[in-house]
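Q: Please take a close look at one part of this structure, the surroundings of ligand 2, and explain how the residues there are arranged.

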Amino acid sequence: MTHKIAILGASGYTGAELVRLIAGHRNMEITALAAERKAGQTMAAVFPHLRHLDLPRLCKISEIDFDQIDLCFCALPHKTSQEVIRELPSDLKIVDLSADFRLSDPAEYEKWYGNPHVALARQAEAVYGLTEFYRDEIRAARLVAGTGCNAATGQYVLRPLISAGVIDLDDIILDLKCAVSGAGRALKENLLHAELSEGTNAYAVGGTHRHLGEFDQEFSKLAGRAVHIQFTPHLIPANRGILATSYVKGDPQSVYETLCATYADEPFIHMLPFGETPSTHHVRGSNFCHIGVVGDRIERRAIVIAALDNLTKGSSGQALQNANLMLGEPETTGLTMAPLFP
Ligand SMILES: NC(=O)C1=CN([C@@H]2O[C@H](COP(=O)(O)OP(=O)(O)OC[C@H]3O[C@@H](n4cnc5c(N)ncnc54)[C@H](OP(=O)(O)O)[C@@H]3O)[C@@H](O)[C@H]2O)C=CC1
Ligand SMILES: CC(=O)N[C@@H](CCC(=O)OP(=O)(O)O)C(=O)O
């Protein structure tokens, strides 16, 4: 059976990545592609790298007949997403890539995003989209909230360790590097080549990055008490990729064994041999996440490092993995391509 797919926000980075991935999916057909300023243009004009595909022209969201759609990916900015999803048919399957439905507590949403939520009924039914940990709920969901790309990377490292109780919950540091496509395609001065290349800087320092809302929610749920990690992201002059380095207090071997046991049967999360460390180069353009564990010279301290591609496992690949579950397809369909290297 071929599933009819709509992508809202198809002229953005995650939208283009969805098109790239779905084009290789044997049971999905792209029926509608929507944009705002770029509505009316062809995808070949907006994204020449997709020129070989026979795709519908970009339209306005209001022009889509959602009765003809089996599943809709929503790759819109935060706030816009909830305003749009509020108006979509309630029985439509939706995978949202924005932050609008990730936080179940509306007060937490407003605290981190600065605006009140306007689609609370939909928010109440949304399932958090970290596939490996919410598979059964995602299968049955109508609305899945894709995670933040930084939030996904940090959680792949820390969730199993928090659940297993093998690290000190009051002393967790997550230092993360994110490539520039994480900021989307909209023009921003600090993302100009002259201001970005050959340099790097921290941002949202001091516990102010909005993905802390996701970490707080998920880690506290796992631990059964408040867990607040220290988290600093850095902008790096690369196009794709996230590298997250976590410093934890615990026995390195137990940390390693816990992660290996958790991910032993996961198709996309790969543990490296103990002592080896991952690179964004080895996951680029793929849906894989590589995790390495190293023991520190200080006793009972471990360093855990994870790498993934923010546009694939961190957003659009994760979204397709979730859509596969929602549509009854094998979870890995369209997602097993090898990384692009070098
Ligand atoms: N980039 C990443 O690595 C990740 C992104 N995300 C989230 O995914 C979502 C999309 O991100 P990304 O692709 O990077 O963003 P982009 O800025 O690259 O693209 C945004 C898209 O939304 C469309 N859009 C903007 N405003 C409106 C509107 N009012 N009505 C309809 N369409 C609109 C744009 O259309 P037009 O071009 O015509 O203006 C464009 O297609 C965001 O919520 C982001 O936070 C999540 C995880 C990782
Ligand atoms: C470099 C850069 O700006 N990265 C983004 C990653 C955004 C992301 O993961 O997505 P959401 O915006 O959907 O949460 C950031 O840290 O905000």
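A: Ala, Val, Leu, Ile, Met, Phe, Trp, Tyr, Cys and Pro count as nonpolar, Asp, Glu, Lys and Arg as charged, and the others, Gly among them, as polar. By these classes, the shell around ligand 2 has 7 nonpolar, 4 polar and no charged residues. The model is a predicted one, in which local features need pLDDT of at least 70 and side-chain atom pairs count only at pLDDT 80 or more, while totals for chains, interfaces and linings use all residues. Residues are numbered from 1 along each chain as its sequence is written, and chains are lettered from A and ligands numbered from 1 in the order in which they are written.

A residue is near a molecule if its C-beta atom, placed from the backbone, lies within 6 Å of it. Around ligand 2 these residues are Ser-98, Ala-99, Gly-148, Cys-149, Asn-150, Cys-178, Val-180, Gly-182, Ala-183, Pro-233 and Leu-235. Two elements, α7 (149-164) and β10 (230-236), each give two or more residues to this shell. Such helices (H or I, at least four residues) and strands (E, at least two) are DSSP runs, numbered from the N terminus.

Cys-149 deserves separate attention. This residue is found in helix α7, and an unreviewed UniProt entry lists Cys-149 under "active site". UniProt positions are given in the numbering used here, feature names are shortened, and annotations may be inferred rather than shown by experiment. Cys-149 counts as buried because it has 28 C-beta neighbours inside 10 Å; the term requires 20 or more other C-beta atoms within 10 Å of the residue's own, all placed from the backbone. Leaving aside residues up to four places away in sequence, Cys-149 touches Gly-182, Ile-242, Asn-310, Gly-314 and Ser-315. Contact here means that two C-beta atoms, placed from the backbone, lie within 7 Å.

Helix α7 also packs against helix α11 (residues 312-326), at an angle of about 100 degrees and with the axes 8 Å apart. Axes are lines fitted to C-alpha atoms, for helices over the stretch in contact, and angles run from 0 to 180 degrees between N-to-C directions. The helices α7 and α11 are therefore roughly perpendicular to each other, a term that covers angles of 65 to 115 degrees. Cys-149, Ala-152 and Thr-153 of α7 meet Lys-313, Gly-314, Ser-315 and Gln-318 of α11 in this contact. Its residues divide into 2 nonpolar, 4 polar and 1 charged.

Technical notes
Buried ≥ 20, exposed ≤ 12 C-beta atoms within 10 Å, placed from the backbone. Parallel < 35°, antiparallel > 145°, perpendicular 65-115°, else oblique.
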